[in-house]
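I opened this notebook to keep a record of what I looked up, starting with the sheet and then turning to a pocket and two residues.

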Amino acid sequence: VFQGQILARRFVGQETRYEVEVKTPYWHHFPLVAREYLWVPNTCDCPPLREGGEYLLMARRHVNYERTLNRILLQDDGYARPWTPREDRLVREAARHC
């Protein structure tokens with residue numbers, strides 16, 4: 001779970017790749033750097049992430065069977081909401097209980 005700002009969007013095959021500036025990492029099982037690529041397995045703007053927008057994102061690390069691909073994937077069951085101070089407060093409160 002992290003707060004990120006969408007810097008760019010690019011369609012690659014049947015997927016969408018977003019370049020994201022990681023603003024605040026809240027809770028994560030893998031290290032995040034200042035800029036990451038976030039992959040979405042479709043090209044239909046689902047979820048609708050706009051360039052320049054800030055979002056609270058819950059994604060997972062995807063490593064393929066051969067271990068040649070390691071990326072951050074926002075799946076259909078992931079979470080992407082526009083970032084607001086309220087979202088920030090809710091995530092910080094939930095982190096105390098997890």
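The entries below follow the order in which I went through the model.

**Entry 1, ground rules.** I am working from a predicted model, in which local features need pLDDT of at least 70 and side-chain atom pairs count only at pLDDT 80 or more, while totals for chains, interfaces and linings use all residues. Residues are numbered from 1 along each chain as its sequence is written, and side-chain values use heavy atoms, with hydrogens and water left out.

**Entry 2, the sheet.** I looked up the strand order first and found seven strands in an open sheet, running β5-β6-β3-β2-β1-β4-β7 with mixed pairing. Strands here are DSSP runs of E with at least two residues, numbered from the N terminus, and two of them pair if DSSP finds at least two bridges between them. At the edges I noted β5 (60–63) and β7 (79–82), each of which pairs on one side only. From one strand to the next the twist averages 45°, where axes are lines fitted to C-alpha atoms and angles run from 0 to 180 degrees between N-to-C directions.

**Entry 3, individual pairings.** I reminded myself that strands of a sheet pair through backbone hydrogen bonds, either parallel or antiparallel. Strand β1 (residues 2–12) and strand β2 (residues 15–25) run antiparallel and are joined by ten bridges, and within this pairing I looked up A8, whose bridge partner in β2 is E19. Between β5 and β6 I found four bridges, again in an antiparallel arrangement, with V63 opposite N70 in β6. The pairing of β3 with β6 is parallel and rests on two bridges; here W39 has L73 in β6 as its bridge partner.

**Entry 4, the largest pocket.** I recorded a volume of about 290 Å³ for the largest pocket, a volume being the space filled by probe spheres set on grid points that are joined across faces, edges and corners. A pocket is an open set of points, on a 1 Å grid over the protein atoms alone, where a 1.4 Å probe fits, with protein on both sides within 12 Å along at least five of seven lines; lining residues have an atom within 4 Å of a point. The lining comprises 17 residues, of which V1, F30, M58, A59 and R60 are the closest to the pocket centre. Strands β5 and β6 (70–73) each supply at least two residues of this lining.

**Entry 5, V40.** Is V40 buried or exposed? I found V40 in strand β3 (residues 35–40), and V40 is buried, with a relative accessible area of 2%, where buried means under 20%, exposed over 50% and partly exposed in between (1.4 Å probe, protein chains only). Leaving aside neighbours within four places in sequence, V40 is in contact with E15, T16, Y18, C46, P47 and L74, contact meaning heavy atoms within 4.5 Å.

**Entry 6, the loop between β3 and β4.** From the contacts of V40 I went on to P47, which lies in the loop between β3 and β4 (54–58), and I noted that the peptide bond from C46 to P47 is cis, with omega near 0°. D45 is found in the loop between β3 and β4 as well, and has a positive phi of about 60° although D45 is not a glycine. D45 counts as partly exposed, at 34% relative accessibility, and leaving aside neighbours within four places in sequence, D45 is in contact with R9 and Y18.
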